[in-house]
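Reader: Hello! I'd like a close look at one part of this protein, and then a walk through whatever else is worth seeing around it.

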Amino acid sequence: MAGIVLVGAQWGDEGKGKITDLIADDFDFVVRFQGGNNAGHTVIHGGRTLKLHLIPSGIMYPHITPVIGNGCVIDPAVLIEEMDRLEADGLSTHRLLISCNAHLIMPYHKDLDGASEHRLGKNEIGTTRRGIGPAYMDKSSRIGIRVQDLQDEHILREKIEAALSEKNEILEKIYGMPTYTVDQVLDEFRPYAERLKPHIAETSALINRALGADQWVLFEGAQGTLLDLDHGTYPFVTSSSPTAGGACVGAGVGPKRIDRVLGIAKAYITRVGSGPFPTELDDEFGRRFIEVGHEYGTTTGRERRAGWYDGVIVRYAVEVNGLTDLIITKLDVLSAFDTIKVCVAYEYEGHRYNTVPCHQTVFHHAKPVYEELPGWKTDITGCRTFEELPKEARDYITFIEDLADVPVSMIAVGPEREQTIMRRWESRP
Ligand code: IMP
């Protein structure tokens, strides 16, 4: 039995897609357990660059069953477009399974996401405006529309009617926006239902059966630990649980099914959207991260905010997720620097914080305490073993390994699949 969870240890965009793609071959199932098309995975495979938002990256392997779990929210138009694009690229999507309990992103969710951001003005969260938050709100309010509702038009009509009786009031009276008729929404959703019906399944039962039969299942998180609704920098977070516990809830498996938890972190750190960011750099170093690391969002194209590696945040991610391994990506980007800083603690009003401060105000104003390490200033993109790395790069990895108190199992030194140093990964026998 091998249930392995892979999560982001920072604010998302850590390179999870590349790592999933790298180890996917060992798995029978790859399962997305939260989020929706707010995520964006860029996977470079066989010389092709694929941008995936909803479909798990395992789709590229014919022996893998890719699953969109119950914890996800699905914009059917986006999903179908993604399926069409993959098919046009010669990749079959017939194995894709969608949990009958996943929720649907409806047209009014997207309207409300944009409208509420606009209303927040300078306090906006900086969402991807894909309707994610409003869809999860309806799930919690128990007026959400689920994938299984696509299987019965009568039920679908009733649920849309019930939802619209509230949504239309909000759209019209609070935001002064156009409303929807039931038929308008149904007419849009009928073709989606026809297209998606063959993919709808009770995925939790299938995954549990697979694990019971010693198959390997990879639970693939989107976003990152610090964007978690409970454990992230609330309110500047997403509306789901990208932490490891979310894999159990969002895929329908028990915690004892999880054998290993991999946390992905960049060798520096980025975030998109608003919110506190202690090591953010507004100077030419920050620009260098953006330019050398091509730090632009896969989903929105927005330029990311960038800064030095924050060891406090990663240590927090180790605890919150129970990480067994850390995987460092984009180490090659640091080759551009003479010296490299690592944040080891924060300071605020004369106090030193070795852990993420509980109070948001402290976190907002926390000043990073840095340790400075020598850079290596040489191209490392050709290194394939830890020993081939320059001494300064090895020392950097050892330093963050000690800080996180978990082993660094893989190190990415370039965007291509093979540009990765595998230190502790035993492929399936
Ligand atoms: P939402 O998920 O669209 O509601 O956005 C909430 C916050 O999460 C915003 O700050 C987004 O920029 C951020 N976010 C959502 N998805 C991702 C992602 O895949 N990578 C990085 N940030 C994300």
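In which loop is the place of Pro-235? Please start there and take me onward.

Author: Happy to! Keep in mind as we go that this is a predicted model. Pro-235 sits in the loop that runs between strand 10 (216–220) and helix 8. The peptide bond joining Tyr-234 to Pro-235 is cis, with omega at about 5°. That is worth a pause, since most peptide bonds are trans.

A backbone detail of another kind is found at Lys-377. This residue is not a glycine, yet its phi is positive, near 50°. Its setting is also a loop, here the one between strand 18 (367–374) and helix 12 (391–404). For background, most residues other than glycine have a negative phi.

Let's return to helix 8, where your loop ends. Helix 8 (244–251) helps to line the second largest pocket, and so does helix 4 (132–141), each supplying at least two residues. Helix 8 gives the largest share of that lining, namely three residues. The space in the second largest pocket comes to about 200 Å³. Its lining has 14 residues, and those closest to the centre are Gly-71, Tyr-136, Lys-139, Ser-241 and Val-249. Sorted by class, the lining of this pocket holds eight polar residues, four nonpolar ones and two charged ones.

Now to the ligand. There are 15 residues around the ligand, and the nearest are Asp-13, Asn-38, Thr-128, Thr-238 and Arg-302. Three of these can be described atom by atom. In Asn-38, a side-chain N or O atom is 2.9 Å from an oxygen atom of the ligand. Arg-302 also faces a ligand oxygen, with a polar side-chain atom 3.1 Å away from it. For Asp-13, the partner is a nitrogen atom of the ligand, and a polar atom of the Asp-13 side chain lies 3.1 Å from that nitrogen. As for how covered the ligand is, it would expose 470 Å² if taken alone, and the protein buries 97% of that area.

The shell around the ligand is made up of seven polar, six nonpolar and two charged residues. Both domain 1 (2–88 + 202–422) and domain 2 (103–199) take part in this shell, with at least three residues from each.

So, to return to your starting point: look for Pro-235 between strand 10 and helix 8, then follow helix 8 to the lining of the second largest pocket. For the ligand, Asp-13, Asn-38 and Arg-302 are among the nearest residues to look at. Enjoy the tour!

Conventions
Residues numbered from 1 in each chain as written. Predicted model: local features only at pLDDT ≥ 70, side-chain atom pairs only at ≥ 80, totals over all residues. Heavy atoms only, no water. 1 Å grid on protein atoms, 1.4 Å probe; cavity = no way out; pocket = protein on both sides within 12 Å on 5 of 7 lines; lining within 4 Å. Points joined across faces, edges and corners; volume = space filled by probe spheres on them. Helix = DSSP H or I, 4+ residues; strand = E, 2+ residues; numbered from the N terminus. Nonpolar A, V, L, I, M, F, W, Y, C, P; charged D, E, K, R; others polar. Near = heavy atom within 4 Å. Polar contact = N/O pair within 3.5 Å; in protein donor to acceptor, adjacent residues only side chain to side chain. Areas by Shrake-Rupley, 256 points an atom, 1.4 Å probe, with all protein chains shown as cover. Domains from an automatic or database assignment.
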